[in-house]
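Subject: Structure handover

Hello,

Here is the structure you are taking over. My notes on what was found follow directly below it.

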Amino acid sequence: FDKWHVFFVDERCVPLDHSDSNFKSLQEQLLSKLSTPIPAAQVFAYDPSSSSPEDAASKYAEQISAHVPAASEGGLPCF
């Protein structure tokens, strides 16, 4: 798992430790149970402390773009 990078999506803009958070659910149900953990620096989620959902989405898009190449110049990331 040391080569894995995990990017979360969530339609709810809730704190990462909130019961409705996809991040919390996957952390509890899968990531915390791996015998070889994925390095924390390779697990990405939006910043819930952002001033608005739009700001959080914009910052997260920048974070994803820094780690995942775009399919074309100015295009969407290609996983």
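Please keep in mind that this is a predicted model. The structure holds 3 aromatic pairs. One of them is formed by Phe7 and Phe44, which are stacked, with 4.6 Å from centre to centre and 10 degrees between the planes. This pair links distant parts of the chain, as Phe7 sits in strand β1 (residues 6-7) and Phe44 in strand β2 (residues 43-44), 37 residues apart. Both Phe7 and Phe44 are buried.

The overall layout

The protein chain has 2 helices and 2 strands, and along the sequence they follow the pattern β-α-β-α. Taken along the principal axes, the C-alpha atoms fill a box of roughly 40 × 30 × 15 Å. Of the 79 residues in the chain, 25% are buried. Among the contacts with a separation of 6 or more, 45% are between residues 24 or more positions apart.

The largest pocket

A probe the size of a water molecule, rolled over the atoms, shows where empty space is left. The largest pocket has a volume of about 230 Å³. Its lining is made up of 15 residues, and those that lie nearest the centre are Val9, Asp10, Tyr46, Ala57 and Tyr60. Which element gives the largest share of the lining? Helix α2 (residues 53-67) does, with 5 residues. By type, the lining divides into 12 nonpolar residues, no polar ones and 3 charged ones.

Asp10

Asp10, one of the residues nearest the centre of that pocket, is placed in the loop between β1 and α1. Its side chain has a polar atom 3.0 Å from the backbone nitrogen of Arg12. A polar atom of the Asp10 side chain also lies 2.7 Å from the backbone nitrogen of Asn22. Leaving aside residues up to four places away in sequence, Asp10 touches Asp20, Ser21, Asn22, Phe23 and Tyr46.

Cys13

Cys13 lies in the loop between β1 and α1 (22-29). Is Cys13 buried or partly exposed? Cys13 counts as partly exposed because its relative accessibility is 42%, and the range for that class runs from 20% to 50%. With residues up to four places away in sequence not counted, Cys13 touches Tyr46 and Pro53. Tyr46 is thus touched by Cys13 and also by Asp10. Cys13 and Ala56 are 43 residues apart in sequence, while their C-alpha atoms are 8.4 Å apart in space.

Ser50

Ser50 is found in the loop between β2 and α2. Why does Ser50 count as buried? Its relative accessible area is 12%, and buried means under 20%. The Ser50 side chain reaches the backbone oxygen of Asp47 at 3.0 Å. Beyond residues up to four places away in sequence, Ser50 touches Asp55, Ala56 and Lys59. Ala56 therefore appears twice in these notes: in contact with Ser50, whose burial is given by the 12% value, and at 8.4 Å from Cys13, C-alpha to C-alpha.

For a start in the viewer, I suggest the stacked pair of Phe7 and Phe44, then the pocket residues Val9, Asp10, Tyr46, Ala57 and Tyr60, and then the loop that holds Ser50, between β2 and α2.

Regards

Technical notes. Residues are numbered from 1 along each chain as its sequence is written. This is a predicted model: local features need pLDDT of at least 70, side-chain atom pairs count only at pLDDT 80 or more; totals for chains, interfaces and linings use all residues. Side-chain values use heavy atoms; hydrogens and water are left out. On a 1 Å grid over the protein atoms alone, a cavity is a set of points where a 1.4 Å probe fits but cannot get out, and a pocket is an open set with protein on both sides within 12 Å along at least five of seven lines; lining residues have an atom within 4 Å of a point. Grid points are joined across faces, edges and corners, and a volume is the space filled by probe spheres set on the points. Helices (H or I, at least four residues) and strands (E, at least two) are DSSP runs, numbered from the N terminus. Ala, Val, Leu, Ile, Met, Phe, Trp, Tyr, Cys and Pro count as nonpolar, Asp, Glu, Lys and Arg as charged, and the others, Gly among them, as polar. Rings of Phe, Tyr and Trp (its six-membered ring) pair if their centres lie within 6.5 Å; planes under 30 degrees apart count as stacked, over 60 as edge-to-face and the rest as tilted. Buried means under 20% relative accessible area, exposed over 50%, partly exposed in between (1.4 Å probe, protein chains only). Contact means heavy atoms within 4.5 Å. A polar contact is a pair of N or O atoms within 3.5 Å; within protein, one must be able to donate a hydrogen and the other to accept it, and residues adjacent in sequence count only if both atoms are side-chain atoms.
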